[in-house]
Amino acid sequence: MKRKQTETRRFFQFGGDFYAYSEKLFDLVALSVFFVLGSLPVVTMGASFSALYHAAVRSIRQSDGSVSHQFWRAWKRDLRQSLPVWLTVAGALFLLLLNVGILREKITGLAGLFFLIFYWVLLSLAVVTGCYAFPALSRFDMPAGWILKLALYMTFRYFPISLLLLALFALAYLLLLRWLLPLVFIIPAAFACVTSILIEPLLKRHSPKSDAEEN
């Protein structure tokens with residue numbers, strides 16, 4: 001009995017597990033808020049995605065500095081480089097969604113069904129490519145074209161992981177679509193933390209040797 005009481009006190013005391021878990025939860029909420037604020041101009045959403053991933057890995061998973069410092073430093077650093085990447089990914093998604101919408105309204109016969117499935121496949125590939133592109137942007141100092149090429153390569157090279165990323169993205173999207181207001185303050189950071197478990201080892205495989213040794 002005394003042992004259980006001692007463990008309970010340790011759990012709730014300063015520096016205990018309860019304090020650590022509460023701190024991580026607060027960081028998840030704060031990081032999601034920063035992501036929303038950084039995305040408000042829309043054109044800066046690419047920098048926000050990159051900074052979101054960077055801060056999720058460095059601050060939340062590795063406890064390296066505050067969430068605010070890691071996010072806004074990465075946001076400013078990647079702002080210019082992220083613009084062409086974001087405009088390319090967002091433009092592709094917009095055009096594909098537009099075509100899907102048109103086909104759903106005017107679909108007839110097997111030919112229409114084929115093209116509808118075809119565009120959904122392309123849309124899924126664009127989403128997964130984005131899931132790789134912005135983490136890669138947060139890690140590598142490359143031109144936008146090389147970032148997109150690397151992301152597209154990783155999409156096919158690690159196809160099982162790409163399918164899992166797509167499933168996680170779809171889950172996050174459906175949760176936000178159904179309960180937008182409360183969950184928008186935790187899902188972005190939670191999604192970044194979970195997907196980083198899958199993506200981070202892959203990025204290390206493609207890191208220059210000096211960077212890999214440093215990490």
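So, Thr129: at a relative accessible area of 10%, this one is buried. Keep in mind as I go through this that we're looking at a predicted model. Thr129 sits in helix H5. Who does Thr129 touch, once you set aside its neighbours within four places in sequence? Four residues come up: Leu148, Ala151, Leu152 and Thr155.

Okay, let me zoom out for a second. The protein has ten helices and zero strands, so if you write out the pattern along the sequence, you just get α-α-α-α-α-α-α-α-α-α. There are 215 residues, and 38% of them count as buried. Take the contacts between residues at least 6 apart in sequence, and 69% of those join residues at least 24 apart. The accessible surface comes to about 13,100 Å², with 69% of that belonging to carbon and sulfur atoms.

Next up, Ser32, over in helix H2. Buried or exposed? Ser32 is buried, because its relative accessibility is 0%, and the cut-off for buried is under 20%. Now look at what's around Ser32. Leaving out residues up to four places away in sequence, Ser32 touches Val184, Phe185, Ile186, Ile187, Pro188 and Ala189. And if you go C-alpha to C-alpha, Ser32 and Leu183 are 9.5 Å apart in space, with their positions 151 residues apart in sequence.

One of those Ser32 partners, Ile187, turns up again in a helix pair. That's helix H7, residues 159-178, packing with helix H9, residues 187-205. The angle between them is about 180 degrees, and the axes are 11 Å apart. So H7 runs roughly antiparallel to H9. If you want to click through the residues, the H7 side brings Ile161, Leu164, Leu165, Leu168, Phe169, Ala172, Leu175 and Leu176. On the H9 side they meet Ile187, Phe191, Val194, Thr195, Leu198, Ile199 and Leu202.

Staying with H9, let's do salt bridges. How many does the structure hold? Two. Quick reminder of the background: side chains of opposite charge can pair when their charged atoms come close. Here, Glu200 pairs with Arg139, and their closest N and O atoms are 3.1 Å apart. Glu200 is in helix H9 and Arg139 is in helix H5, so this pair ties together parts that are 61 residues apart in sequence. Both ends count as buried by our cut-off: Glu200 has 8% relative accessibility, and Arg139 has 17%.

The other bridge is between the side chains of Arg77 and Asp78, at 2.9 Å, N to O. What about exposure for these two? Arg77 is partly exposed, with a relative accessible area of 43%, whereas Asp78 is buried, at 3%.

Alright, on to the loops, where I've got a couple of backbone oddities to show you. Val42 is in the loop between helix H2, 17-39, and helix H3, 45-61. Its phi is positive, about 70 degrees, although Val42 is not a glycine. At 48% relative accessibility, Val42 counts as partly exposed. Then there's Ser63, in the loop between H3 and helix H4, which covers 67-106. Ser63 also isn't a glycine, and its phi is positive too, near 55 degrees. Is Ser63 buried or exposed? Exposed, because its relative accessible area is 52% and the line for exposed is drawn at over 50%.

Last stop is the surface. There's a nonpolar patch of about 460 Å². Which residues make it? Ile107, Leu110, Leu113, Ile117 and Val121. Let me pick out Ile117, which lies in helix H5, residues 109-139. Ile117 is partly exposed, with a relative accessible area of 47%. That's the helix we started on, since Thr129 is in H5 as well, and there the relative accessible area was 10%, so Thr129 is buried. Arg139, from the bridge to Glu200, is in H5 too.

That's my tour, so over to you for questions.

Note on methods
Residues are numbered from 1 along each chain as its sequence is written. This is a predicted model: local features need pLDDT of at least 70, side-chain atom pairs count only at pLDDT 80 or more; totals for chains, interfaces and linings use all residues. Side-chain values use heavy atoms; hydrogens and water are left out. Patches are made of residues with over 30% relative accessible area and no salt bridge: like charges are joined within 9 Å, nonpolar side chains (Val, Leu, Ile, Met, Phe, Trp, Tyr) within 5 Å. Accessible areas come from the Shrake-Rupley method with a 1.4 Å probe; for residues, only the protein chains shown count as cover. A salt bridge is a side-chain nitrogen of Lys or Arg within 4 Å of a carboxyl oxygen of Asp or Glu. Helices (H or I, at least four residues) and strands (E, at least two) are DSSP runs, numbered from the N terminus. Buried means under 20% relative accessible area, exposed over 50%, partly exposed in between (1.4 Å probe, protein chains only). Axes are lines fitted to C-alpha atoms, for helices over the stretch in contact, and angles run from 0 to 180 degrees between N-to-C directions. Angles under 35 degrees count as roughly parallel, over 145 as roughly antiparallel, 65 to 115 as roughly perpendicular and the rest as oblique. Contact means heavy atoms within 4.5 Å.
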